[in-house]
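Got the viewer open? Here's a walk through the model, stop by stop, with something to select at each one.

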Amino acid sequence: MRFETELKDYFDVKYCFLVSSGKAALTLILNALKNLYPDKDQVIIPAFTCYSVPSAIVRAGLKIELCDMDTEKLDFDFGQLSKTINNSLLCIIPAHLFGMPSDIDHLRSILGDNEAVVVEDAAQAMGGKWEGEKLGTFGDVSFFSLGRGKAISTVEGGVILTNRDDIAQNISALLNDASPYHTLEILRLMIEAVSLTLLMRPSLFWFPKALPCLNLGETIYDPNFKIRKMSPFQAGMAKSWKKKISKFQNRRSRNAKAWVNLLKSLKTNELSAVDAYPDSDLIRFPVNVDDPSLRKAILKQSEIKGLGIMPTYPDTINGIEELRNMFAGQEFPVAKKYSQQLITLPVHPFVKKTDIMKITREIRNAIKQTRRI
Ligand SMILES: *Cc1c(COP(=O)(O)O)cnc(C)c1O
């Protein structure tokens, strides 16, 4: 497929695979690694990340190990990570959450001689860079998501990149056994593509919420998802993706700057940006809100007025009901704090000046009101 060749060129990698989603991509990667290293079964992930990540690990029949987060960077707590590394470790999955780069060079220095594979979760970071190099080219194998709300979207979709022959051969064999999209599934994708185009504005964000089948922005744990080769329909939707990426990046960075300015102008530390790397290409703008009642007030106004401000992952990975037993007695306080305090402001390309003004006004009001109580 043309999309595949273009991706290989752009990222300058040897192998590229197009699949049905980011979690399908991750599952294929993990199954390939399982074949290559049959005596290893542990997978380290951040304790605060997308629920699709543990879903894929469970689907692949591997063991999840959690690592707490850095207090400022939405990255691993590297001190804790270094204590978790052992010889049963199959791989580590650093994630560029919201597009904020995870420091993979640091991760490799900690790994040292350990032969654990670095699987780069660049699901939210297609087109982003870290010290001049493209995100998605740091791992031994990497994946992007083309799902809803990601840097660019084909409704659903996933991309795997690697330079390693052994990993690529395994993934290729696994993917040959996967069935293609059924006609009905493609039809559903087409309907969703049309609805999403119509609803992609924050001023209309209440609408998808009212339609349970759309589940926009929701994060769920569910290891039962389809693993398919990407359909030509999806690859078609990715047409002119390079142009789109740079256009979207410009608009997102303009919107992110508006939020930086808003936070400055508030003259309060009740709301603080998580901006370890101010130049990163964010797909949502994460803000820490210390006061739970203020956070609640902001999210409530957003829901009523359709502002597109969202909570992030509702709990840490060990807080997911189906997984709780695996982590009995373990605590990840920094990750917990992120799950309880973060909200994200929209920066997507369809955010307009009037949306920014409306959100600014509502946040100011929420601050005034919670102070009065
Ligand atoms: C979205 C996402 C995934 C999974 O991608 P899907 O295409 O939704 O399956 C994995 N990791 C992170 C960090 C994500 O944001």
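Which element supplies the largest share of the lining of the second largest pocket? Select H10, residues 241-266: with 5 residues, H10 makes the largest contribution to that lining. Bear in mind as you click around that this is a predicted model.

**Stop 1: the second largest pocket**

Keep H10 on screen and add strand S6, residues 129-130; each of these two elements gives the pocket lining at least two residues. The space inside comes to about 480 Å³. To centre your view, pick Tyr277, Pro278, Asp279, Ser280 and Asp281, which are the closest to the pocket's centre among the 21 residues that line it. Colour the lining by class and you'll get 10 nonpolar, 5 polar and 6 charged residues.

**Stop 2: just past S6**

Step along to Glu131, in the loop between S6 and strand S7 (133-134). Check its backbone: phi is near 50°, a positive value in a residue other than glycine. Is Glu131 buried or exposed? At 64% relative accessibility it is exposed, because the cut-off for that label is over 50%.

There's another residue of this kind to look at. Select Asp12, in the loop between helix H1 (2-11) and strand S1 (15-19). Asp12 isn't a glycine either, yet its phi is positive, at about 55°. Its relative accessibility is 67%, so Asp12 counts as exposed as well.

**Stop 3: the nonpolar core**

Now go inside. The largest nonpolar core takes in 122 residues, and Ile93, Val119, Met126, Leu271 and Ile363 have the most contacts within it. H10 turns up again here: it gives this core 9 residues, the most of any element. Apart from that core there is another one, of 6 residues, including Tyr181, Ile186, Leu189 and Leu196.

Zoom in on Ile363. Which residues does it contact, leaving aside neighbours within four places in sequence? Show Leu262, Leu266, Leu271, Ile298, Ile309 and Leu345. Leu271 is also one of the residues with the most contacts in the core.

Move one residue on to Arg364, in helix H13 (residues 353-372). With neighbours up to four places away left out, Arg364 touches Leu262, Ser265 and Leu266. Leu262 and Leu266 were on the contact list of Ile363 too. Arg364 has a relative accessibility of 34%, so it counts as partly exposed. For a sense of scale, draw a distance from the C-alpha of Arg364 to that of Asp121: they are 243 residues apart along the chain and separated by 35 Å.

**Stop 4: rings**

Turn on the aromatic side chains. How many aromatic pairs are there? The count is 8. Start with Phe76 and Phe78, an edge-to-face pair with 6.2 Å between centres and 70° between planes. Phe76 is buried, at 2% relative accessibility. Phe78 is at 12%, and it is buried too, because anything under 20% gets that label.

Then select Phe3, Tyr10, Phe11, Phe144 and Trp241, which ring pairs link into a cluster. Trp241 is the residue at which H10 begins, if you want to find your way back to the pocket.

**Stop 5: Thr312 and its surroundings**

Next, pick Thr312, in the loop between strand S12 (310-311) and helix H12 (333-341). Is Thr312 buried or exposed? Its relative accessibility is 12%, so Thr312 is buried. Leaving out neighbours within four places in sequence, display its contacts: Phe48, Phe98, Arg295, Tyr338, Leu342 and Thr344.

**Stop 6: the cavity**

Leave Tyr338 selected, since it's part of the last stop as well. The structure holds 1 cavity of 30 Å³ or more, and the volume of the largest cavity is about 30 Å³. Which residues line the largest cavity? Add Thr71, Asn288, Val334, Lys337 and Gln341 to Tyr338 and you have the lining. H12 contributes the most, with 4 residues. By class, that lining has 2 nonpolar, 3 polar and 1 charged residues.

Conventions: Residues numbered from 1 in each chain as written. Predicted model: local features only at pLDDT ≥ 70, side-chain atom pairs only at ≥ 80, totals over all residues. Heavy atoms only, no water. 1 Å grid on protein atoms, 1.4 Å probe; cavity = no way out; pocket = protein on both sides within 12 Å on 5 of 7 lines; lining within 4 Å. Points joined across faces, edges and corners; volume = space filled by probe spheres on them. Nonpolar A, V, L, I, M, F, W, Y, C, P; charged D, E, K, R; others polar. Core = buried A, V, L, I, M, F, W, Y, C linked by side-chain atoms within 4.5 Å. Buried < 20%, exposed > 50% of the residue type's maximum accessible area, 1.4 Å probe, protein only. Contact = heavy atoms within 4.5 Å. Phe/Tyr/Trp six-rings, centres within 6.5 Å; stacked < 30°, edge-to-face > 60°.
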